[in-house]
Every structure is written in C-alpha cells, then in structure tokens.
Amino acid sequence: MQLKQFRLLTEDFNRSAAFYKEIMQFPVAWLEEGEEYALFDTGDVRLELASRSAMADAVGADNVPSGSTAAGGALLNIEVADADAAYALLIERGLEPVRAPADRPSWGVRVAYFRDPDGNLIELYTKLGKGA
C-alpha cells in the first residue's frame, strides 16, 4: 500500500478551498466547485478537500462525521493495486468494512471504505482498468 493523498472534510468548501489556494498558495491540481472537491499538489502526498455533503453521497450520511470538531473528521486516501483484494485482506485482519468495493466512474476509480481506530475514514482505491 502507498499513501497518495490526504483528504480533509470541510463544512464550508469554498472558504477552505480559498484558504489553501490563496493563503497557503498550494498549487491547484484539480478544482471542481460544483462537486465540492479540490486537489492540491503538495508533493508526494497531496492534499484533497471535499465537503461533508459530497462525501455523504459516496459513503452514506451516517458514515461522515458532522462538525469541524467531530472525531474522525479526516479521510486517508490510499492507492492499492487491487481494491477488492485489499478489501478482503483488511477484513481478514479484523477490520469492519464501511462500504464494499464499488466503481465510481466519475472519479475514475474503484473504492472501498474502512475506519481507523479514531473513526477516520480510510478509502482504498484502484484506478478503473487496474485490478477492478
């Protein structure tokens, strides 16, 4: 496994995107205001922003913490060679799944979700066409 991107869930997407773009001056790799998603080129591990409502669409509202001080407000986005195989392996290791692998064509990936001990979401993904 290789950690590729770190996603912060935001209450106010536009405010957060402006902060990282204008104040922090992180180079923008991708910004989709309508999807409430941004990707900043921050080096080996890139920073993503997504609104809580956009993530609720992907993983279900009950699996997205509310409020900026909620425990588990982060999501680790981890690229794996095969999302289905990694999902099965983590279940064998005793992790409770949040969502089984599923294709997200608009994202270009196949994804599965778990939580870490603090409640942060862990997203395993494989680019569509690789291991899916």
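How many aromatic pairs does the count come to? In this predicted model, the count comes to six aromatic pairs, taking ring centres within 6.5 Å as the criterion. One of them is formed by tyrosine 20 and phenylalanine 40, whose rings lie 6.0 Å apart from centre to centre, with 45 degrees between their planes, an arrangement classed as tilted. This pair links distant parts of the chain, since tyrosine 20 belongs to helix α1 (residues 13-23) and phenylalanine 40 to strand β3 (residues 37-40), with 20 residues separating the two along the sequence. Tyrosine 20 and phenylalanine 40 are both buried.

A further pair is made by tryptophan 30 and tyrosine 37, where the centres of the rings are 5.2 Å apart. Because the planes of these two rings meet at 70 degrees, and an angle over 60 degrees is the mark of such a geometry, the pair of tryptophan 30 and tyrosine 37 is edge-to-face. The two partners are covered to unlike extents: tryptophan 30 is partly exposed, with a relative accessible area of 37%, whereas tyrosine 37, at 14% relative accessibility, counts as buried, the limit for that class being under 20%.

Beyond single pairs, one aromatic cluster is formed by Phe19, Tyr20, Phe26 and Phe40, and it therefore includes both members of the tilted pair described above.

Aromatic rings are also found beneath charged groups. The ring of tryptophan 107 has the charged end of arginine 104 sitting over it, 4.4 Å from the ring centre, and the charged end of arginine 7 likewise sits over the ring of tryptophan 107, at 5.7 Å from its centre.

With regard to the overall fold, the protein has three helices and eight strands, which follow one another along the sequence in the pattern β-α-β-β-β-α-β-α-β-β-β. The radius of gyration is 14 Å, close to the 14 Å that the globule rule gives for 132 residues, so the protein is as compact as a globular protein of that length. Taken along the principal axes, the C-alpha atoms fill a box of roughly 45 × 30 × 25 Å.

Of the 132 residues, 39% count as buried, and the protein exposes about 7300 Å², of which carbon and sulfur atoms supply 49%. Among the contacts between residues at least 6 apart in sequence, 51% join residues that are at least 24 apart.

Terms used:
Residues are numbered from 1 along each chain as its sequence is written. This is a predicted model: local features need pLDDT of at least 70, side-chain atom pairs count only at pLDDT 80 or more; totals for chains, interfaces and linings use all residues. Side-chain values use heavy atoms; hydrogens and water are left out. Rings of Phe, Tyr and Trp (its six-membered ring) pair if their centres lie within 6.5 Å; planes under 30 degrees apart count as stacked, over 60 as edge-to-face and the rest as tilted. Helices (H or I, at least four residues) and strands (E, at least two) are DSSP runs, numbered from the N terminus. Buried means under 20% relative accessible area, exposed over 50%, partly exposed in between (1.4 Å probe, protein chains only). A charge sits over a ring if NZ of Lys or CZ of Arg is within 6 Å of the ring centre and within 35 degrees of the ring normal. The radius of gyration is taken over C-alpha atoms; the globule rule is 2.2 Å times the number of residues to the power 0.38. Contact means heavy atoms within 4.5 Å. Accessible areas come from the Shrake-Rupley method with a 1.4 Å probe; for residues, only the protein chains shown count as cover.
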